[in-house]
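Colleague: I have a model open and want to learn how to read it. Where do we begin?

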Amino acid sequence: MAFIAPSMLSADFLNLSRDIEMVNNSEADWFHLDIMDGRFVPNISYGLPVVAAMNREAKKTLDVHLMIEEPGKYAEDFQKAGAEYLSVHIEACPHLHRNIQQIKGLGMKAGVAVNPHTNVHQLFDVVKDIDLVCLMSVNPGFGGQKFIQNTIEKVKQLKVERERQGANFLIEIDGGVTLDNAAEIIAAGADVLVAGSTVFKSDNPAQTIAALKAK
Ligand code: DX5
Ligand code: ZN
């Protein structure tokens, strides 16, 4: 059984309040919020005022995934907006260790996200400092893409390294999670499953969350 974090990128923005209530009343554990700047990724999603508004209604942990360049410039703003976990991309952070310290210094849990092409070995010198690794199982930028199977191998490598170093971070899988592949991903060692389109494009989102939770 893993934590389930519905990605609000696939929610109905005209009915955000309704969709947040659905997640509040469901078996979901976190809200996953995808922030895109049109530079680090080829898409623009939503920003600080929307996160702050969601935080007023959301009753569960806000897991904020920054797909932006220079995330350090905005870490404090996201903390004020309600982020509990804040993840930055290793590919956007030449001084990753500094970003991690900044996030923790602001009282948030620190996450590092890695693109599909990035080897998890690049994280090994910071894994004891972080609370979450967000393994991208699609190329970031859009919901509804196909799961990249090689991610399973990366989960296993991270799990072994976590054990070896006695680290505590959670392993989160982001992108292309479905009712068909969730069990395999959890079996590999994932702790948190992000699910956008699988949840929000289904006929009964709360029931789909429960089905993911039961995997
Ligand atoms: C992709 C985002 C994901 C996305 C997942 O850039 O980071 O969180 O919303 O959507 P699905 O579950 O539809 O692949
Ligand atoms: Zn995400």
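**Reading the ligand and metal sites**

Modeller: Begin with a polar side chain. This is a predicted model. In it, a polar side-chain atom of S7 lies 2.9 Å from an oxygen atom of ligand 1.

Colleague: Which backbone atoms lie 2.8 Å from an oxygen atom of ligand 1?

Modeller: Look for backbone N or O atoms too. One such atom of G144 lies 2.8 Å from a ligand 1 oxygen. A backbone N or O atom of G176 also lies 2.8 Å from an oxygen of ligand 1.

Colleague: Which residues come nearest to ligand 1?

Modeller: There are 20 residues around ligand 1, and D34, G141, G144, D174 and S197 come nearest.

Colleague: What are the protein donors of the zinc ion, ligand 2?

Modeller: H32 donates through NE2, H65 through ND1, and D34 and D174 each through OD. They lie 2.0 to 2.3 Å from the zinc ion. Their spacing in sequence is H-x1-D-x30-H-x108-D. D34 lies in strand β2 and D174 in strand β7, so the pair ties together parts that are 140 residues apart in sequence.

Colleague: Are D34 and D174 buried or exposed?

Modeller: Both D34 and D174 are buried.

Colleague: Why is the zinc arrangement octahedral?

Modeller: Read the angles. Six donor atoms surround the zinc ion and subtend angles of 69 to 170 degrees, which makes the arrangement octahedral.

Colleague: Which residues touch the most other members of the largest nonpolar core?

Modeller: M8, I173 and L193 do, in a core of 63 residues. Beyond its sequence neighbours up to four places away, L193 touches residues including F3, I173, V177 and I186. Apart from this core lies another, of six residues, among them W30, Y85, L132 and V194.

Methods:
Residues are numbered from 1 along each chain as its sequence is written. Chains are lettered from A and ligands numbered from 1 in the order in which they are written. This is a predicted model: local features need pLDDT of at least 70, side-chain atom pairs count only at pLDDT 80 or more; totals for chains, interfaces and linings use all residues. Side-chain values use heavy atoms; hydrogens and water are left out. A nonpolar core is a set of buried Ala, Val, Leu, Ile, Met, Phe, Trp, Tyr and Cys residues joined through side-chain atoms within 4.5 Å. Buried means under 20% relative accessible area, exposed over 50%, partly exposed in between (1.4 Å probe, protein chains only). Contact means heavy atoms within 4.5 Å. Donors are N, O and S atoms within 2.8 Å of the metal (3.2 Å for Na, K and Ca); water is not among the atoms, so sites may look incomplete. Four donors count as tetrahedral if all angles lie between 85 and 135 degrees; four count as square planar and six as octahedral if opposite donors are over 155 degrees apart and all others between 65 and 115; anything else is irregular. Helices (H or I, at least four residues) and strands (E, at least two) are DSSP runs, numbered from the N terminus. A residue is near a molecule or strand if one of its heavy atoms lies within 4 Å of it. A polar contact is a pair of N or O atoms within 3.5 Å; within protein, one must be able to donate a hydrogen and the other to accept it, and residues adjacent in sequence count only if both atoms are side-chain atoms.
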